Amino acid sequence: MPTAADRPAPRRVRLDPAGPVLVEGPVEIEMPDGTTVSSDRFMVALCACGRSRRYPFCDTSHRRRPRRKAAGD
C-alpha cells in the first residue's frame with residue numbers, strides 16, 4: 001500500500017485570467033493575495049472568468065451569468 005511519501009507533490013499553479021485552465025491534480029493554487037488553496041482531485045477546472053461562486057474552482061457559472069466587466073473596461 002502506498003504511503004504519504006510515495007505520493008507526488010502537489011502542483012502549484014498561478015491563475016491567468018485570460019483563459020480557462022484544466023490542471024492534472026493534485027494541485028496547490030497560489031492566489032493573488034498569497035494564500036493557497038488545494039485540491040487532491042485527478043483533474044481540476046480553474047475559473048478564469050471570475051464568475052464562479054467557488055473561485056478559484058470552476059462551477060460552470062460562465063454558462064448562466066453574464067460576464068462581469070474587468071477593471072478598466
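What share of the contacts in the protein with a separation of 6 or more is accounted for by residues 24 or more positions apart? In this predicted model, such residues account for 18% of those contacts. The protein has five strands and zero helices, so that, by the DSSP runs used here, the pattern read along the sequence is β-β-β-β-β.

**Burial and surface**

- Of the 73 residues in the protein, 25% are buried, while the exposed area of the protein comes to about 5,800 Å², of which carbon and sulfur atoms supply 52%.
- A nonpolar patch on the surface is formed by L22, F42 and M43, which together have about 380 Å² of accessible area.
- M43, which is placed in strand 5 (residues 43–46), has a relative accessible area of 36% and is therefore partly exposed, given that this class lies between the 20% limit for buried and the 50% limit for exposed residues.

**Nonpolar core**

- The largest nonpolar core consists of seven residues, namely V23, V27, I29, M31, V44, L46 and F57.
- Strand 3 (27–30) and strand 5 are the elements that give two or more residues to this core.
- In soluble globular proteins, nonpolar side chains tend to be buried together.

**Contacts of V44**

- When neighbours within four places in sequence are left aside, V44, a member of the largest nonpolar core, is in contact with V21, L22, V23, V27, S39 and F57.
- Among these contacts of V44 are V23, V27 and F57, which also belong to the largest nonpolar core, as well as L22, which belongs to the nonpolar surface patch.

Terms used. Residues numbered from 1 in each chain as written. Predicted model: local features only at pLDDT ≥ 70, side-chain atom pairs only at ≥ 80, totals over all residues. Heavy atoms only, no water. Helix = DSSP H or I, 4+ residues; strand = E, 2+ residues; numbered from the N terminus. Buried < 20%, exposed > 50% of the residue type's maximum accessible area, 1.4 Å probe, protein only. Contact = heavy atoms within 4.5 Å. Areas by Shrake-Rupley, 256 points an atom, 1.4 Å probe, with all protein chains shown as cover. Patch = residues over 30% accessible without salt bridge, like charges linked within 9 Å, V, L, I, M, F, W, Y side chains within 5 Å. Salt bridge = Lys/Arg side-chain N within 4 Å of Asp/Glu carboxyl O. Core = buried A, V, L, I, M, F, W, Y, C linked by side-chain atoms within 4.5 Å.
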